[in-house]
Amino acid sequence: MRSLARANDRQHTAKETNYSQEKENIMEYATLGNTGLQVSKLCFGTMTFGDGRGLFKALSAVGQAGADELIKASIDSGITFFDTADNYTEGESERILGQSLKNLNITRKDVVIATKVYSRVGPGRNDVGASRGHIMDGVEASLLRLQTDHIDLYQIHANDSVTPVEETLRALDTLVQQGKVRYIGCSNWQAWKIAKALGISEFRNLARFDALQAYYSLAGRDLERELVPLLESEKVGLLVWSPLAGGLLSGKFSRTNQKPADSRRTDYDFPLVDKERTWKILDVMAPIAKAHGCSPARLSLAWLLAKPVVTSVIIGAKRLDQLQDNLAAIELTLSQDELRQLNEVSALPPEYPGWALPFQGADRLGPKDRNEHLREAIKPR
């Protein structure tokens, strides 16, 4: 009987292993910018972790037990990439993430942990920013909360208009040399400042930014004007935050239901979007989502995953069913016609010099009707 029980246990374990491997095979992976570090195309964001205090009162409500469940489901699906920040619920997000990885016995080398520094974490004059002092203090506090000896991707969370870029880069380079940080990135920076930082890093032989974390969605494609060309040219990875435009593309909102009671965006209207344009986008999304038997949220994620510039899309969830719906986006392949429809309805309005570039360069490799390109560029959307 014992022998039969052991055989059954082995068979059960084998089935579990095969299921886990099958789920992992569904996930896709990409290298982070111009590095050899591989990350999952979906990244689990932990902004929802915490007890709902401070700035993130409307966003965070997931305690340790709920976090363990979500992290386990993420790992089982093949996600290896986790994003947090030192100011998410006053550090609770980092603390809960670190404890979850311990509770689930996740081997440290099997996950990529990204966190951020910059935001205010105390009342002092130097408890905010991208100065050397704040970065050095911030990394030690994050390492302690995460219960780890290194951070895989350390990101400057916002633009610091006071600290010189070189000071920030030198501090980050020091952390890389010390082994406390392995790769560096920034978030919510302007294209010109990222370009300047990359130039300084190359000239001074300092660690360079390997990734930008930025807002990008069907309802907000502004970064395509300047940031996307920069990232593609300089081989910097793109991590997308708020891919559902703060829930606006989740399926809860519509032209006739603009303030649903069960959505955080009803009380926390962020990020900024052109609502009238978004209703038109949702109108086009509806039949496509119906044809695939999926939610608008899943469709929105699949559209982003089809963009070559996107390294990883950060998904967040308070409930397991939300997470499972988001995870299914990795299996959704949109046709060229469906992508065309979504691209057209969400296209950015013409803006100089963008509309002038195709007009001016149309005949660069041979005679062409340049006016045709101009007419297309300025055509009303």
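**Entry 1: setting the terms**

I count a residue as buried when its relative accessible area is under 20%, as exposed when it is over 50%, and as partly exposed in between. I start with K180, which has a relative accessible area of 24% and is therefore partly exposed. I also note for myself that this is a predicted model.

**Entry 2: salt bridges, K180 and E140**

I looked up the salt bridges, and the structure holds 15 of them. Side chains of opposite charge can pair when their charged atoms come close. K180 and E140 are one such pair, with their side chains meeting at 2.4 Å, N to O. K180 sits in the loop between helix 5 (165-178) and strand 7 (181-187), while E140 belongs to helix 4 (residues 132-146), so this salt bridge ties together parts that are 40 residues apart in sequence. I checked E140 as well: its relative accessible area is 39%, so E140 is partly exposed.

**Entry 3: E351 and R225**

Next I went to E351 and R225, whose side chains meet in a salt bridge at 3.4 Å, N to O. This pair links distant parts of the chain, 126 residues apart. I find E351 in the loop between helix 11 (336-345) and helix 12 (356-361), and R225 in the loop between strand 8 (209-215) and helix 7 (227-234). E351 is partly exposed, with a relative accessible area of 42%. R225 is partly exposed too, with a value of 27%.

**Entry 4: D325 and R298**

Is D325 buried or exposed? I get 19% relative accessibility, and buried means under 20%, so D325 counts as buried. D325 forms a salt bridge with R298, and the closest N and O atoms are 2.8 Å apart. D325 lies in helix 10 (residues 320-327) and R298 in helix 9 (residues 296-305), so the pair joins parts that are 27 residues apart in sequence.

I also jotted down a network of salt bridges that links E166, R170 and R204.

**Entry 5: helix 2 against helix 10**

Helix 10 came up with D325, and I followed it to its packing with helix 2. Two packed helices are described by the angle between their axes and the distance between the axes. For helix 2 and helix 10 I have an angle of about 20°, with the axes 10 Å apart. Angles under 35 degrees count as roughly parallel, so helix 2 and helix 10 are roughly parallel to each other. Their crossing is right-handed. Which residues make the contact? From helix 2 I list E69, L70, A73, S74 and S77, and from helix 10 I list L320, L323 and L327.

**Entry 6: two arginines in loops**

I looked at R53, which is in the loop between strand 3 (42-45) and helix 2 (64-77). R53 has a relative accessible area of 30%, so I write it down as partly exposed. Beyond its neighbours within four places in sequence, R53 is in contact with S60, T89, E90 and E92. R53 and E90 are 37 residues apart along the chain, and their C-alpha atoms are separated by 7.9 Å.

Then I turned to R108, in the loop between helix 3 (92-103) and strand 5 (112-117). Its side chain reaches the backbone oxygen of V111 at 3.1 Å. What else does R108 contact, leaving aside its neighbours within four places in sequence? I found I113, T148, H150, I151 and D152.

Technical notes:
Residues are numbered from 1 along each chain as its sequence is written. This is a predicted model: local features need pLDDT of at least 70, side-chain atom pairs count only at pLDDT 80 or more; totals for chains, interfaces and linings use all residues. Side-chain values use heavy atoms; hydrogens and water are left out. Helices (H or I, at least four residues) and strands (E, at least two) are DSSP runs, numbered from the N terminus. A polar contact is a pair of N or O atoms within 3.5 Å; within protein, one must be able to donate a hydrogen and the other to accept it, and residues adjacent in sequence count only if both atoms are side-chain atoms. Contact means heavy atoms within 4.5 Å. Buried means under 20% relative accessible area, exposed over 50%, partly exposed in between (1.4 Å probe, protein chains only). A salt bridge is a side-chain nitrogen of Lys or Arg within 4 Å of a carboxyl oxygen of Asp or Glu. Axes are lines fitted to C-alpha atoms, for helices over the stretch in contact, and angles run from 0 to 180 degrees between N-to-C directions. Angles under 35 degrees count as roughly parallel, over 145 as roughly antiparallel, 65 to 115 as roughly perpendicular and the rest as oblique. A crossing is left-handed if the near helix is turned anticlockwise from the far one by less than a right angle, and right-handed if clockwise.
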